[in-house]
Amino acid sequence: VQERRFICDTIISDQQPTIEILNSLAASFRGTIIHSFGKISLAVDMPDELPVYLFNETNIKQGSFQISGGRESDLVTGVDISYIEPTNHYKREVARIDGQESNDGSDRSTIENITSLDLAGVTRRSQALRFGQYQIAASKYLRRIVSFTTSSDALNLSPGDVVSISQNLTGINYGFGGKVLGDSSTDSNKSNV
C-alpha cells in the first residue's frame, strides 16, 4: 500500500511558546526548528543528503579531534509510540515496535531498553510504526560523536547539515560522515557519525 509518508493532523488549542509548537509539528516528520544568529530554519532528516563541508587536517585544530560513542547496553531495543487513532474515537493508543533481533527467540542477557514517544499530530498507525523503526535504527547506527575545534569557516553550518570528516591517526586514514549536532562556541563544531 502506498501512502504519504508523513501526515500531521492536529489542532493547536493550548497556549505554548511558538517555538515549542513549531518543534512539535516538525517532529511529526523528523524535523526540527533551529534558531541561530537571528534566523529560523528547518532541518529535516532526509535520505541521500550530500556533505556540505569537508573537515580534515587542514581545518581541524591539531590535538582537538576526539571520538566518543555509546555502550551496547544503551541501544534502544523497543519503542512505545503514542499516537491518535481516528477509528477509535480519536483516543490515544500505544503501539510497540521491537528491534529485529529482539524477537528471534534467543535468550539474551542484555538489558532491554524501551523508550516512549508521544507523537503529536500523527493519526496513522503505519506512520507511528515507521517512526519507531527509525528510532531503533538511529540508536543502532548513529553511535559515534566526533568533536573538534575548527576555524570560523564553519560558522555557516547549522545543526542537521551533513559533513564529511577525514582524519589521519597513527598512519591509518579514517573517514567519517555525519550530521552537525550543534556548536559549543563560535570556533567549535560537533558531528554525530
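This section describes a strand hairpin, a buried arginine and a cavity in a predicted model.

Strand 5 and strand 6 form a hairpin. Strand 5 covers residues 78-85, and strand 6 covers residues 91-98. The two strands run antiparallel and are joined by eight bridges. Five residues lie between them. One residue in the turn, His89, has a positive phi of about 60 degrees.

Ala95 belongs to strand 6. Its bridge partner is Ile81. The relative accessible area of Ala95 is 1%, so this residue counts as buried, the limit being under 20%. Beyond its neighbours within four places in sequence, Ala95 is in contact with Val79, Asp80, Ile81, Tyr83, Arg125 and Leu129. Ile81, the bridge partner in the pairing of the strands, is thus also among the contacts of Ala95. Helix 2 spans residues 125-141, and the contacts of Ala95 include Arg125 and Leu129. A further pair links Ala95 with Gly132: the C-alpha atoms are 9.1 Å apart in space, whereas the residues are 37 apart in sequence.

Arg124 sits in the loop between strand 7 and helix 2. Strand 7 comprises residues 114-118. Although arginine is classed as charged, Arg124 is buried. Its relative accessible area is 15%, and the class follows because the value falls under 20%. Two polar partners are found for the side chain of Arg124. The backbone oxygen of Arg4 is reached at 2.7 Å. The side chain of Gln127 is joined to that of Arg124 by a polar contact of 3.1 Å. Leaving out residues up to four places away in sequence, Arg124 touches Glu3, Arg4, Arg5, Phe6, Ile7, Tyr83, Ile84 and Arg130. Arg4 therefore appears both in this contact list and as the backbone partner of the Arg124 side chain. Tyr83 is a contact of Arg124 and also of Ala95.

The model holds two cavities of 30 Å³ or more. The second largest has a volume of about 30 Å³. Its lining consists of Phe6, Ser28, Arg30, Gln127, Arg130 and Phe131. By class, these comprise two nonpolar, two polar and two charged residues. Several lining residues recur in the surroundings of Arg124. Phe6 and Arg130 line the cavity and are touched by Arg124. Gln127 is also part of the lining, and its side chain makes the 3.1 Å polar contact with Arg124.

Methods
Residues are numbered from 1 along each chain as its sequence is written. This is a predicted model: local features need pLDDT of at least 70, side-chain atom pairs count only at pLDDT 80 or more; totals for chains, interfaces and linings use all residues. Side-chain values use heavy atoms; hydrogens and water are left out. On a 1 Å grid over the protein atoms alone, a cavity is a set of points where a 1.4 Å probe fits but cannot get out, and a pocket is an open set with protein on both sides within 12 Å along at least five of seven lines; lining residues have an atom within 4 Å of a point. Grid points are joined across faces, edges and corners, and a volume is the space filled by probe spheres set on the points. Helices (H or I, at least four residues) and strands (E, at least two) are DSSP runs, numbered from the N terminus. Buried means under 20% relative accessible area, exposed over 50%, partly exposed in between (1.4 Å probe, protein chains only). A polar contact is a pair of N or O atoms within 3.5 Å; within protein, one must be able to donate a hydrogen and the other to accept it, and residues adjacent in sequence count only if both atoms are side-chain atoms. Contact means heavy atoms within 4.5 Å. Two strands pair if DSSP finds at least two bridges between them.
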